[in-house]
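Hello,

Here is the structure I promised to pass on to you. Have a look at it first, and then read on for my notes on what turned up in it.

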Amino acid sequence: MHYPDHWCATVDMTIQLRTGCNPLEKHGPQAVVVHADAWAPVAAVPDPHDIAQVIDYEVIFLAIRRLEGNPHTICLETSILEVMDAIFGMPMVSVAYIAMHKPHVYNGQGTPSITLTLTRPQWEKMGR
């Protein structure tokens, strides 16, 4: 994914998440690989040497890390929306992309994953 004339802050992490949407997962936390991008127009950055004025990867990192400490995070969809809240909390972010997947295999048949890409107007339309 690429947006011309935009800065992108990216975070890639592996976290331990209790994602109990599936009965096979009710026993405890499992690894989840997370990739998150926050895009902001170049014109929104007054000083290109200090992009943290506009998009700060630490905000994204901390939002993802908080998921591990939340015993009520029980699905990837909810987790993605929580991270989206943090990303769009940065006023100049215009587009966000988050992908989460579980590297473990279900009965040798596949690895579950989910992604979401939203623009700020789409996020606001969701009433977030």
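R120 counts as buried, because its relative accessibility is 17% and the cut-off for buried is under 20%. That may catch your eye in a charged residue, so here is its partner: the side chain of R120 meets that of E124 in a salt bridge, at 4.0 Å from N to O. Both residues belong to helix 3, where they sit 4 residues apart, about one turn of the helix. Please keep in mind throughout that this is a predicted model.

How many salt bridges does a search of the whole structure find? The search gives 2. Besides the pair in helix 3, there is one between the side chains of R65 and E68, with 2.5 Å from N to O. These two lie in helix 1, 3 residues apart, which is again about one turn of the helix. The spacing makes sense, because an α-helix has 3.6 residues a turn, so residues three or four places apart point the same way. And side chains of opposite charge can pair when their charged atoms come close. Unlike R120, which is buried at 17%, R65 is partly exposed, with a relative accessible area of 34%. E68 is partly exposed too, at 31%.

Back in helix 3, there is another residue worth finding on your screen. W123 lies in this helix and is buried, with a relative accessible area of 5%. Which residue does W123 form an aromatic pair with? The partner is F88, and the two rings are stacked, 5.6 Å centre to centre with 20° between the planes. A search of the whole structure finds 1 aromatic pair, and this is that pair. Since F88 lies in helix 2 and W123 in helix 3, the pair ties together parts that are 35 residues apart in sequence. F88 is buried, as is W123. W123 also has V95 to look at: their C-alpha atoms are separated by 9.2 Å, although the two residues are 28 apart along the chain.

F88 leads us to helix 2. This helix has 13 residues and reaches 18 Å from its first C-alpha to its last, close to the 18 Å expected at 1.5 Å a residue. Its buried residues are L76, S79, I80, V83, M84, A86, I87 and F88. What covers them? The cover includes strands 1, 2, 3 and 4 together with helices 1 and 3; strand 4 spans 113–119 and helix 3 spans 120–125.

Next comes the largest nonpolar core, which has 27 residues. Those that touch the most other members are I15, I60, I64, M84, I87, I98 and M100. At least two residues of the core come from each of strand 1 (6–17), strand 2 (30–41), helix 1 (57–68), helix 2 (76–88) and strand 3 (95–101). Which element gives the most to this core? Helix 2 does, with 6 residues.

I87 is a good place to see how these parts meet. Setting aside neighbours within four places in sequence, I87 is in contact with A36, D37, A38, I60, V93, A96 and I98. One of these, A38, is found in strand 2. Is A38 buried or exposed? A38 counts as buried, because its relative accessibility is 0% and buried means under 20%. Not counting residues up to four places away in sequence, A38 touches W7, C8, A9, I55, I60, I87, M90, V93 and V95. For W7, the C-alpha atom is 8.1 Å from that of A38, with their positions 31 residues apart along the chain.

The strands fit together as follows. Strand 1 and strand 2 run antiparallel and are joined by 12 bridges, with H6 standing opposite P41 in strand 2. Strand 2 also runs antiparallel to strand 3, through 7 bridges. There, A36 stands opposite I98 in strand 3, and both of these residues are contacts of I87.

One last spot to visit is D5, in the segment before strand 1. Its phi is near 60°, a positive value in a residue other than glycine. D5 is exposed, because its relative accessible area is 63% and exposed means over 50%.

Enjoy exploring, and write back with any questions.

Best wishes

Definitions and conventions: Residues numbered from 1 in each chain as written. Predicted model: local features only at pLDDT ≥ 70, side-chain atom pairs only at ≥ 80, totals over all residues. Heavy atoms only, no water. Core = buried A, V, L, I, M, F, W, Y, C linked by side-chain atoms within 4.5 Å. Buried < 20%, exposed > 50% of the residue type's maximum accessible area, 1.4 Å probe, protein only. Contact = heavy atoms within 4.5 Å. Expected span 1.5 Å × (residues − 1). Phe/Tyr/Trp six-rings, centres within 6.5 Å; stacked < 30°, edge-to-face > 60°. Pairing = 2+ DSSP bridges.
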